[in-house]
Amino acid sequence: MKNNTKKLVINAMLCAMCAILGSYLSIDLGILKFTFESFPILLSAYIFGPISGLAVGVIGTLVSQMARYGLDGTTVFWI
């Protein structure tokens, strides 16, 4: 039980890092976007496996998209 709680907390922090790095600490140059949002995803996949990496990627990118552009009809496509 304690191990699952620790895994959940670490993945939640990595989701938050992914959202911050994707929405606020990125450089937009018109067509190009430079960001470090993949590092928390890769770290989670390396530590806990590909399912946790997928969860961190989907949730973190969804939060980043919602913070930057809001809910739109194309939100799912941008994730």
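In this predicted model, the loop between β1 and β2 holds Ile 31. With a relative accessible area of 85%, Ile 31 is exposed, because the exposed class takes residues over 50%. The C-alpha atom of Ile 31 is separated by 18 Å from that of Thr 74, and the two residues lie 43 residues apart along the chain.

Ile 31 also belongs to a nonpolar patch on the surface. The other members of this patch are Ile 27, Leu 29, Leu 32 and Phe 34. Together, the five side chains named here account for about 580 Å² of accessible area. Two elements give two or more residues to the nonpolar patch: β1, which spans 27-29, and β2, which spans 32-34. Ile 27 has its place in strand β1, whereas Ile 31 sits in the loop between β1 and β2.

The cysteines come next. A disulfide is a covalent bond between the sulfur atoms of two cysteines. A search of the whole structure finds zero of them. For Cys 15, the nearest cysteine sulfur is that of Cys 18, 7.0 Å away, and Cys 15 is in no disulfide. Cys 18 is likewise in no disulfide, and its nearest cysteine sulfur is that of Cys 15. The pair fails the test because a disulfide needs sulfur atoms within 2.5 Å, and the sulfur of Cys 18 is 7.0 Å from that of Cys 15.

Are these two cysteines buried or exposed? Cys 15 has 12% relative accessibility and so counts as buried. Cys 18, at 0% relative accessibility, also counts as buried. Both values fall in the buried class because that class covers residues under 20%.

Terms used: Residues numbered from 1 in each chain as written. Predicted model: local features only at pLDDT ≥ 70, side-chain atom pairs only at ≥ 80, totals over all residues. Heavy atoms only, no water. Patch = residues over 30% accessible without salt bridge, like charges linked within 9 Å, V, L, I, M, F, W, Y side chains within 5 Å. Areas by Shrake-Rupley, 256 points an atom, 1.4 Å probe, with all protein chains shown as cover. Salt bridge = Lys/Arg side-chain N within 4 Å of Asp/Glu carboxyl O. Helix = DSSP H or I, 4+ residues; strand = E, 2+ residues; numbered from the N terminus. Buried < 20%, exposed > 50% of the residue type's maximum accessible area, 1.4 Å probe, protein only.
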